[in-house]
Amino acid sequence: MQLVVARIGRAHGIKGEVTVEVRTDEPELRLGPGAVLATDPASTGPLTIETGRVHSGRLLLRFEGVRDRTGAEALRNTLLIAEVDPEELPEDEDEYYDHQLMDLDIVTKEGVEVGRITEISHLPSQDLFIVERPDGSEVMIPFVESIVTEIDLEEQRAIIDPPPGLIDDRAEIASARDDEAPSDKAPSGDDA
């Protein structure tokens, strides 16, 4: 099975290095020197990692055969794809590969069916499940422990405890006006 492990960013320096946006929890395993990665678009690859280093918090890679800034810049926005055994699991039991989560049924802790995961969006702050509801509409569910309380791969479902308003329109709106009693008397200019 193929998994996207990184996206190539801009060129760094003049010797062929590129910045990469890491999309794996195991960069040392997937993006180490000697790793051969397929690419999207396929015409730019496969690419073999020659060197890698961290600079100012960013991973920099150099690929075999890419020796200058022009060659590095030509790789910009290319996705790097690793071949992974479908039976392989992440080292941490609370981590999951995207392919394990795709098509899981989403159910509330009360047992109410919400829908099915059709996409996982990886954002800088958190991951989001894109869930298709039975009526065809979509809802986004943050993949955070306070909301997604359990992943049951054997039962092919994820159990959620959504805050009000996440999957329905029953949002709790607090307002200071709710505490004020309505006035029975309309203001007039005759009160003296």
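This report covers the overall make-up, the largest pocket, the salt bridges and one buried strand residue of a predicted model.

**Overall make-up**

The protein has 192 residues, and buried ones account for 34% of them. Its secondary structure consists of 3 helices and 12 strands. Take the contacts between residues at least 6 apart in sequence: 47% of these join residues at least 24 apart. The accessible surface is about 12,400 Å². Carbon and sulfur atoms hold 47% of that surface.

**The largest pocket**

The largest pocket encloses about 1,000 Å³ of space. Its lining counts 30 residues, and D25, Y96, D98, H122 and D127 sit closest to the centre. By class, the lining splits into 16 nonpolar, 11 charged and 3 polar residues.

Several elements build this lining. At least two residues each come from β1 (2-12), β2 (17-22), α3 (98-101), β8 and β11 (148-152). Strand β11 gives the largest share, with 4 residues.

**Salt bridges**

The whole structure contains 7 salt bridges. The table lists some of them, with the closest N to O distance.

| Salt bridge | N to O distance |
|---|---|
| R76 and E73 | 3.0 Å |
| D161 and K109 | 3.5 Å |
| E132 and R116 | 3.7 Å |

Start with R76 and E73, which pair in a salt bridge. R76 is partly exposed, at 42% relative accessible area. E73 is also partly exposed, at 31%.

The salt bridge between D161 and K109 comes next. This pair links distant parts of the chain, 52 residues apart. D161 lies in the segment after β12 (157-160). K109 lies in the loop between β7 (105-108) and β8 (113-122). Is each partner of this bridge exposed or partly exposed? K109 is exposed, because its relative accessible area of 53% is over the 50% cut-off. D161 has 30% and is partly exposed, because that value falls between the 20% and 50% limits.

The third bridge joins the side chains of E132 and R116. E132 belongs to strand β9 (residues 127-132) and R116 to strand β8, so the bridge ties together parts 16 residues apart in sequence. Relative accessibility is 33% for E132, which counts as partly exposed. R116 is partly exposed too, at 31%. The bridge is also part of a network: salt bridges with shared partners join D103, R116 and E132.

Strand β8 therefore appears twice in this account: it holds R116, and it supplies at least two residues of the pocket lining.

**A buried residue in β1**

Strand β1 holds I8. Is I8 buried or exposed? I8 is buried, because its relative accessibility of 0% is under the 20% cut-off.

Which residues does I8 touch, beyond its neighbours within four places in sequence? The contacts are V18, T19, V20, L47, F63, L75, R76, N77, T78 and L80. One of these partners, N77, is 69 residues away from I8 in sequence. In space, the C-alpha atoms of I8 and N77 are 5.1 Å apart. Another partner is R76. R76 also forms the salt bridge with E73. R76 thus touches a buried residue, I8, while being partly exposed itself.

Terms used
Residues are numbered from 1 along each chain as its sequence is written. This is a predicted model: local features need pLDDT of at least 70, side-chain atom pairs count only at pLDDT 80 or more; totals for chains, interfaces and linings use all residues. Side-chain values use heavy atoms; hydrogens and water are left out. A salt bridge is a side-chain nitrogen of Lys or Arg within 4 Å of a carboxyl oxygen of Asp or Glu. Buried means under 20% relative accessible area, exposed over 50%, partly exposed in between (1.4 Å probe, protein chains only). Contact means heavy atoms within 4.5 Å. Accessible areas come from the Shrake-Rupley method with a 1.4 Å probe; for residues, only the protein chains shown count as cover. On a 1 Å grid over the protein atoms alone, a cavity is a set of points where a 1.4 Å probe fits but cannot get out, and a pocket is an open set with protein on both sides within 12 Å along at least five of seven lines; lining residues have an atom within 4 Å of a point. Grid points are joined across faces, edges and corners, and a volume is the space filled by probe spheres set on the points. Ala, Val, Leu, Ile, Met, Phe, Trp, Tyr, Cys and Pro count as nonpolar, Asp, Glu, Lys and Arg as charged, and the others, Gly among them, as polar.
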